[in-house]
Amino acid sequence: MFEASEKKLEIVVANEFGSLRTLPDDFKAKLLTLAGAEILSHVHNDCIDAYVLSESSLFIWDNKLLLLTCGQSTLIESALYALGVIPTDHIISFKYQRKSELFAALQTTTFAEDAKLLAQQLPGRSLTLGDKPEQQHFMFYYTHRDLDTTLVPLPELTPQEHLISELMLYQLDSDSAARFMALKGQGKTLTAAKQRRLLNIGELLVGFKFDDYAFSPCGYSLNAISGSYYLTLHLTPQSSGSYLSIETNLDNLTIVFGIFTRLHHQFSPARCDLVLSGHGAFTSDVSQYLATTLNLCDSKHGSDVNIVDTSLNELDNHTESPEQRYTIHLRQFCRRQ
């Protein structure tokens, strides 16, 4: 049994800390060792270092670190280690996230236990998104208490690039998922190139560098980068816990939702979660973006798709500055049983 649901660590630092990309290799090595992950492949450009891991992905910008892990990874250990290296006064924002795991009993800790450890290091807050136990998202979140003009999130990015779009598909259609399993009777894993063609994403990501990996006997990970933009996708097609996740900071929502809708139609999941989050006043328009997600219902299941929950959370980061407000929108869909 493989737990495909990811844990996520995101840290944004002030310019005064220096570039995260220049930290010694020992930092990255220990960060991943503590999580129980290792680097499988790597791609980079002038803005991002991107790594496909044995347990999902790692992205490092000058001012931001994003680490996603799956399986029975111990990401909390990596988070605590990073907090021991990066002074709290240099941290602009910190996010640690988990979702309801399918095989929660196999995890070494719970989110509540992780959040208690993090609260000993940072005066953050915890929140839960989603009403149904099997569809909940948990977050521990912190922002600097004394934000000023020298502490601006990711100063090399435009405000629109602070929007993070995530889609998670659960219980994939068995026939669709089977196309990504080992070839019948041959015991061979589909190549990464073959799986990328089957997903048919590349044509919408013009100018991106791709790095992907095919796991044995099944499983697929993809990282794509262009400038400061990233996209990461992870597919677990086996019937026990089939799952696909995709996340990006692309601000062209026509492209983003084009990809999301295509994947939803291709895999026709029993349920899915869409999460939009970000900094800045532009997020006041995010409800309009959410309306676009209704296109997800136009799958072969048609009217059998039901919107089961919509929620909005605004996180208080101890400042009245609207440019620093952080919002999260969650919309969840499922097929009526």
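In this predicted model, the buried residues of helix H2 pack against strand E1 (7–13), helix H1, strand E5 (64–69), strand E6 (91–99) and helix H3 (111–119). Those buried residues are Leu75, Ile76, Ser78, Ala79, Tyr81, Ala82 and Leu83. The points below cover the pairing of H1 with H2, an eight-stranded open sheet, and the strands on either side of E11.

**Helices H1 and H2**

- The axes of H1 (residues 25–35) and H2 (residues 75–85) come within 6 Å and cross at roughly 150°.
- Because angles over 145 degrees count as roughly antiparallel, H1 and H2 are roughly antiparallel to each other.
- The crossing in which H1 passes H2 is right-handed.
- On the H1 side the contact involves Asp26, Phe27, Lys30, Leu31, Leu34 and Ala35, and on the H2 side Leu75, Glu77, Ser78, Tyr81, Ala82 and Val85.
- By class, the residues of this contact comprise eight nonpolar, one polar and three charged.
- Leu75, Ser78, Tyr81 and Ala82 of H2 take part in the contact with H1 and are also among the buried residues of H2.
- An α-helix has 3.6 residues a turn, so residues three or four places apart point the same way.

**The open sheet**

- Eight strands make up an open sheet with antiparallel pairing, in the order E2-E3-E4-E5-E1-E6-E8-E7.
- Strand E2 (39–44) and strand E7 (125–129) are the edge strands, each pairing on one side only.
- From one strand to the next, the twist averages 15°.
- Within the sheet, strand E3 (residues 49–53) and strand E4 (residues 56–60) are joined in the antiparallel sense by five bridges, and Asp49 stands opposite Ile60 in E4.
- H1 lies across E2, E3, E4 and E5 and runs at about 30° to E5.

**Strand E11 and its partners**

- Strand E11 (residues 220–226) is mostly covered, with six of its seven residues buried.
- Six bridges pair E11 with strand E10 (residues 209–214) in the antiparallel sense, and Ala214 stands opposite Tyr220 in E11.
- The hairpin of E10 and E11 has five residues between the strands, and Gly219 there takes a positive phi near 120°.
- Strand E12 (residues 229–236) runs antiparallel to E11 and is joined to E11 by seven bridges; Leu231 in E12 is the bridge partner of Ala224.
- The hairpin of E11 and E12 has two residues between the strands, and Gly227 in the turn has a positive phi of about 60°.

Terms used:
Residues numbered from 1 in each chain as written. Predicted model: local features only at pLDDT ≥ 70, side-chain atom pairs only at ≥ 80, totals over all residues. Heavy atoms only, no water. Axes fitted to C-alpha atoms, helices over the stretch in contact; angles between N-to-C directions. Helix = DSSP H or I, 4+ residues; strand = E, 2+ residues; numbered from the N terminus. Parallel < 35°, antiparallel > 145°, perpendicular 65-115°, else oblique. Left-handed = near helix turned anticlockwise from the far one by under 90°. Contact = heavy atoms within 4.5 Å. Nonpolar A, V, L, I, M, F, W, Y, C, P; charged D, E, K, R; others polar. Buried < 20%, exposed > 50% of the residue type's maximum accessible area, 1.4 Å probe, protein only. Pairing = 2+ DSSP bridges.
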